[in-house]
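Hello,

Here is the structure you asked to look at. Please open it beside this message and follow along; my notes come after it.

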There are 4 protein chains.
Amino acid sequence: MSTGRVETFADGVLAIAATLLILNVDSQIRETDHLARELLQIWPSYVAYAVSFLTIGIIWANHHTFMHQIERADRTFLLLTVLFLLCISFIPFPTRLVAEHIRDDGARAATVLYGITLTLTAVMFNAVWLYASVRRRLLKEDADPKVVAGITRSYRWGPVSYLVVTIVALIHPILGVALLGLVDLSWVIDSAVFAPRERATSGP
Amino acid sequence: MSTGRVETFADGVLAIAATLLILNVDSQIRETDHLARELLQIWPSYVAYAVSFLTIGIIWANHHTFMHQIERADRTFLLLTVLFLLCISFIPFPTRLVAEHIRDDGARAATVLYGITLTLTAVMFNAVWLYASVRRRLLKEDADPKVVAGITRSYRWGPVSYLVVTIVALIHPILGVALLGLVDLSWVIDSAVFAPRERATSGP
Amino acid sequence: MSTGRVETFADGVLAIAATLLILNVDSQIRETDHLARELLQIWPSYVAYAVSFLTIGIIWANHHTFMHQIERADRTFLLLTVLFLLCISFIPFPTRLVAEHIRDDGARAATVLYGITLTLTAVMFNAVWLYASVRRRLLKEDADPKVVAGITRSYRWGPVSYLVVTIVALIHPILGVALLGLVDLSWVIDSAVFAPRERATSGP
Amino acid sequence: MSTGRVETFADGVLAIAATLLILNVDSQIRETDHLARELLQIWPSYVAYAVSFLTIGIIWANHHTFMHQIERADRTFLLLTVLFLLCISFIPFPTRLVAEHIRDDGARAATVLYGITLTLTAVMFNAVWLYASVRRRLLKEDADPKVVAGITRSYRWGPVSYLVVTIVALIHPILGVALLGLVDLSWVIDSAVFAPRERATSGP
């Protein structure tokens, strides 16, 4: 089987999960007489929206990168991809909970659920990639072993980072969320710095 | 007509139906003072989410498999595909009802509706495939008759399995849902065991 | 410009509009003690869901057919397509109103709004096609004039049919909805009868 | 990396954001005894729906145009695209607020948030294009410098226009919204007038 439809389906779920995030912001404002004040008060919803959207966007970009190395799909690969997308699609739920409860007693429960969701997402992301790349099972013939090893190396930090975020959130919810923002930010900086070098090696 | 757009549209509906499932989980938690406790209490919503997502994912993977054998589409094929997707798109509704009512008097009605929906989905799935494959109506010229017969054989158990689930749900709702989980699980095990062999025969 | 992305965007809007229809059914059932009874009572929601899904599916199949004749897109074509999709995306709203109000005083307002929406959709659908086909503006060089004329002929009945439905709905709402079901049904029968002949002429 | 998946993901987010707009109209009508009257009363929701759908549609058409000039994507390009889509996906929220509050005290807050959202969207849109086009970083080898310069020239008015709209909305909310409608309308007229000339130069 070719990988075209895997990408279409994955892009669909990723795009929808990201776009549904706005419904969480939207549901915070209902029947109000002080719109300006309330729009300022729900700032955690904007932060949560931006962080989750960026997280899903980063996952999409990374998925984009590794699918580029893959030649074909088998049923196990499809199944692992479905389980990975099952995690992605769950993200909007804890996102809303974090935004809604970060300033009350529910902060711990909300941020820990958020952390667990991202940890499982990162685990499944690695599972999909490792299934395809170990012993070059589904890779393209011309996939550069150095690039493949580089991808494996950079992705394996995902589950660890998010697990640390989850544990921190269990102790101090706000610190956990702040740390998560840092994880995303590190990718943004990484892109800005490494993109030129990368471009030099990957022509059209 | 080529089949490219059929796949795009089907992937769209499948991806959206799967991603909308999270809205059902989300709607279970509203204005609460005991977030952690409520997050644990709504566990049937997580199970229902996972089972329905996995079911749609399996249907997607199977659709992926059979579209691979099909060369072209005619209007009847498009119409049958639309009716099949009409069933897919219905799935989030009974999923929520099962999650919400599995512990109260509505369990029977909810699980039976869920079972009927999946039975009709499987019937339409078979209708699409049989329309395309009987007398090789829309198949690729090089479609292997053995593979075609194998697909026909494996799919025809779908309606039967789901009808049995529905009847069991009518008598004992929780047993019906458990059985449904088993049907999904059997596919997962099947994939893990048979994938290697399959890969050997289907090169790029 | 090529037409690939026009199809992706159109398929996206069509698939999402169709899949969102289930939210209308879902919202009819809230906090109930008599689930089985209520599930039977909301039958107009199922009919409305099926009719609107089928209508969007038929429009998708027809869009599929005419895009097959088109070589390229210009800005006016993109703009007309956006306006056509704006109508498509509106369909879930009157669908819910019809399902909810067909048995009360709001039946007339709901069905007339539904009829107007479908009439405008059909008008815009024809506008897109006529813009592309008149003087073969955006057609493929090898587009068969007979096929082109046939498409033009069959589509122009759309706005007229839906306008009649709207006027009938103004006088007798339930008759209007029944008529709409007939319009859809006629396409279904048409497909089943004419598909074989069509297949004979359109090879891969 | 090729640009195919960038377009799929972008089209997905654009299509979903546009299609979700109908939920805002839908939520205005709840449990009413005077459906016809209420359907007339919520006219600002229809205007807001049409203006936002058209705005997203125009952005889609423009994105379509510039992606046509781009050969490949690097990580920074993907990141900027994600940030651009983050703005797009936000649009349904202020759209609902404007529709709901244009006739009460919240008009200023709603329209200003709408204006800020569109301004940031236009800024990110330019950032994506400028990153790709400056020193022809990601352009196709045969990208015509005149066309590239033309795109740059026409897009840079976007942020300026929307900033003016925002400032006007701060002073006079309704005037701001009217101005926004004019910005969209100018594109519509522009398309109708310039499309023929453009078509002459861009063959298949």
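Helix H1(B) and helix H1(C) cross in a right-handed way. In this predicted model, their axes are 9 Å apart and the packing angle is about 40°. On the chain B side, the residues that make the contact include Phe9(B), Gly12(B), Val13(B), Ile16(B) and Leu20(B). On the chain C side, Ala10(C), Leu14(C), Ile16(C), Leu20(C) and Leu23(C) are among them.

H1(B), which covers residues 4-26, also meets helix H3 of chain C, residues 43-67. Here the axes come within 11 Å and cross at roughly 145°. This crossing is right-handed. Arg5(B), Val6(B) and Phe9(B) of H1(B) make the contact with Trp60(C), His63(C), His64(C) and Met67(C) of H3(C). Arg5(B) and Phe9(B) are also listed in the contact of H1(B) with H1(C).

Next, the arrangement of the chains. A turn of 90° and a shift of 0.0 Å along the axis lay chain A on chain D, with an RMSD of 0.0 Å. The two copies are therefore related as by a four-fold rotation axis. Within chain A, Gly12(A) has the C-alpha nearest this axis, at 4.5 Å. Chains A and D use different surfaces, as 7% of the contact residues of chain A recur in chain D.

Which chains do not touch? Chain A and chain C do not, and their nearest C-alpha atoms are 9 Å apart. Chain B and chain D are not joined by any contact either, with their closest C-alpha atoms 9 Å apart.

Helix H4 of chain B, residues 75-90, allows a check on length. At 1.5 Å a residue, its 16 residues should span 22 Å; the end C-alpha atoms are 23 Å apart, so the two values agree. Is H4(B) mostly covered or mostly uncovered? Mostly covered: 15 of its 16 residues are buried. At the start of H4(B), a side-chain oxygen of Asp74(B) comes to within 3.2 Å of the backbone nitrogen of Thr76(B).

Last, one residue in a loop. Ile42(A) sits between helix H2 (35-41) and helix H3 (43-67) of chain A. Its relative accessibility is 8%, and buried means under 20%, so Ile42(A) counts as buried. Apart from neighbours within four places in sequence, Ile42(A) is in contact with Val25(A), Gln28(A), Ile29(A) and Arg103(A), and with Phe93(D) from chain D. Pro173(A) is 131 residues from Ile42(A) along the chain, and their C-alpha atoms are separated by 18 Å.

Regards

Terms used:
Residues are numbered from 1 along each chain as its sequence is written. Chains are lettered from A and ligands numbered from 1 in the order in which they are written. This is a predicted model: local features need pLDDT of at least 70, side-chain atom pairs count only at pLDDT 80 or more; totals for chains, interfaces and linings use all residues. Side-chain values use heavy atoms; hydrogens and water are left out. Copies are superposed by least squares on the C-alpha atoms of residues with pLDDT of at least 70 in both. Contact means heavy atoms within 4.5 Å. Helices (H or I, at least four residues) and strands (E, at least two) are DSSP runs, numbered from the N terminus. The expected span of a helix is 1.5 Å times one less than its number of residues. Buried means under 20% relative accessible area, exposed over 50%, partly exposed in between (1.4 Å probe, protein chains only). A polar contact is a pair of N or O atoms within 3.5 Å; within protein, one must be able to donate a hydrogen and the other to accept it, and residues adjacent in sequence count only if both atoms are side-chain atoms. Axes are lines fitted to C-alpha atoms, for helices over the stretch in contact, and angles run from 0 to 180 degrees between N-to-C directions. A crossing is left-handed if the near helix is turned anticlockwise from the far one by less than a right angle, and right-handed if clockwise.
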